[in-house]
Amino acid sequence: MRSIWNGAISFGLVSIPIKLVNATENHSISFRQIHTEDGGRIRYRKFCELEDREVTGQEIGKGYEDSDGTIIPITDEDLAGLPIPTAKTIEIVAFVPEDRIDPLQMDAAYYLAAGGAPAAKPYTLLREALKRSKKVAITKYALRGRERLGMLRVVGDAIAMHGLLWPDEVRAPEGVAPDADVTVRDKELDLADALMDTLGEVDLEDLHDEYREAVEEVVAAKAAGEAPREAPAPEAGGGKVLDLMAALENSVRAARESRGEEPAEDAEVKHLQRSKTSRSSPKDTGGKKSTSTAKKKTTSSPRKSTSKTSKTSQAEKKSTTTKKTAAKKTPAKKTTSRKRSA
């Protein structure tokens, strides 16, 4: 791999010669601007506004525009003479746990290659020290005309450097979150957890750029004089969530179907159906049916039951009156016998 910067890592009093190599590459498809009438290339030419003529790259330099519009020329010699210790050095300033780094600060990534045989031993020393400490190194370095912040970490057997944005370059998330107070129910969280578990993990090596592949198909078809394949029509109602619970349940079902699982076996949906059945099932139990039947039989013949009840009550009244009369007469006889004996 071709190096884009040569310098050294300053690790205390230890200097490690290194070469900076891009760790990433861009695979996006680039287009040229053309004249739509005849397909001619559209090119940009650089003109000097004072002389009104095109200039070459060797005639172009840098300049700083002041607030009043004045251009102040700045040469490479001016920048090279700046008193910056990181001009050709990646200076390690601290070692911190990796979770201290905000991912929002992450920028471009580079590999650091050892610069020759003398750098092999100190390079390996720094790599193993980073491994054992389970920390990352915070660095400062100068690249492309400005001083930058960086982070060194171990990737395999190599040391990688991530460019970091300065803390004041990361904007605060003000006005991003919803203003209204939103309450999330436990059932919604349970379904969201179920969806996360169903989607599970993925091997990043299996992911690919489908948009780039589609563009390549379009380019190949037009190059062969064929009509590009038509894109499928978007689903109706896409992006409109009318019922969050239903959307979550459908998402879980779709994720399980995509993984080859049984689509009908949805635990959460079954739970909701059972709750409805349990509410309505007592109405269909045998106990309540027999009770209602007994009531119907009792109320179906009100006259017969009333007549029987009246006869029974009259008989009970007569027997009760007879018993009371007999009870009154019996003590009278006893008193009479006592008087005669006296």
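Glu128 is partly exposed, with 37% of relative accessible area, and in this predicted model the side chain of Glu128 meets that of Lys131 in a salt bridge, at 3.8 Å from N to O. That pair is one of ten salt bridges counted in the structure. The chain also forms a closed barrel of seven strands, holds one aromatic pair, and carries a nonpolar surface patch made by Ile29, Phe31 and Val219.

**The barrel**

- The seven strands of the closed barrel follow the order E1-E2-E8-E11-E10-E9-E7, and their pairing is mixed.
- From one strand to the next, the twist of this barrel averages 40 degrees.
- Strands of a sheet pair through backbone hydrogen bonds, and they may do so in either a parallel or an antiparallel way.
- Strand E8, which covers residues 106–114, runs antiparallel to E11 and is joined to E11 by five bridges.
- Within this pairing, Ala109 has His162 of E11 as its bridge partner.

**Salt bridges**

- Side chains of opposite charge can pair when their charged atoms come close.
- Glu128 and Lys131 both belong to helix H2 (residues 120–133), and because they are three residues apart there, about one helical turn separates them.
- Lys131 counts as partly exposed, with a relative accessibility of 37%.
- Arg146 forms a salt bridge with Glu169, and the closest N and O atoms of this pair are 3.3 Å apart.
- Since Arg146 lies in strand E10 (residues 146–155) and Glu169 lies in the loop between strand E11 (158–164) and helix H3 (186–199), the pair ties together parts that are 23 residues apart in sequence.
- Arg146 is partly exposed, at a relative accessible area of 36%, and Glu169 is likewise partly exposed, at 36%.
- Arg53 forms a salt bridge with Glu59, where the closest N and O atoms are 2.9 Å apart, and these two residues are linked with Glu51 in a network of salt bridges.
- Arg53 counts as partly exposed at 34% relative accessibility, while Glu59 counts as partly exposed at 45%.

**The aromatic pair**

- The one aromatic pair of the structure consists of Phe11 and Phe95, whose ring centres are 6.0 Å apart and whose planes stand at 70 degrees, so the pair is edge-to-face.
- Phe11 lies in strand E1 (residues 3–11) and Phe95 in strand E7 (residues 89–97), so the pair ties together parts that are 84 residues apart in sequence.
- Phe11 is partly exposed, with a relative accessible area of 24%, and Phe95 also counts as partly exposed, at 35% relative accessibility.

**The nonpolar surface patch**

- Ile29, Phe31 and Val219 together make a nonpolar patch of about 300 Å² on the surface.
- Ile29 is placed in the loop between strand E2 (14–22) and strand E3 (47–48).
- With a relative accessible area of 32%, Ile29 is partly exposed, and this value fits its place in the patch because patches are made of residues with over 30% relative accessible area.

Key:
Residues numbered from 1 in each chain as written. Predicted model: local features only at pLDDT ≥ 70, side-chain atom pairs only at ≥ 80, totals over all residues. Heavy atoms only, no water. Patch = residues over 30% accessible without salt bridge, like charges linked within 9 Å, V, L, I, M, F, W, Y side chains within 5 Å. Areas by Shrake-Rupley, 256 points an atom, 1.4 Å probe, with all protein chains shown as cover. Salt bridge = Lys/Arg side-chain N within 4 Å of Asp/Glu carboxyl O. Helix = DSSP H or I, 4+ residues; strand = E, 2+ residues; numbered from the N terminus. Buried < 20%, exposed > 50% of the residue type's maximum accessible area, 1.4 Å probe, protein only. Pairing = 2+ DSSP bridges. Axes fitted to C-alpha atoms, helices over the stretch in contact; angles between N-to-C directions. Phe/Tyr/Trp six-rings, centres within 6.5 Å; stacked < 30°, edge-to-face > 60°.
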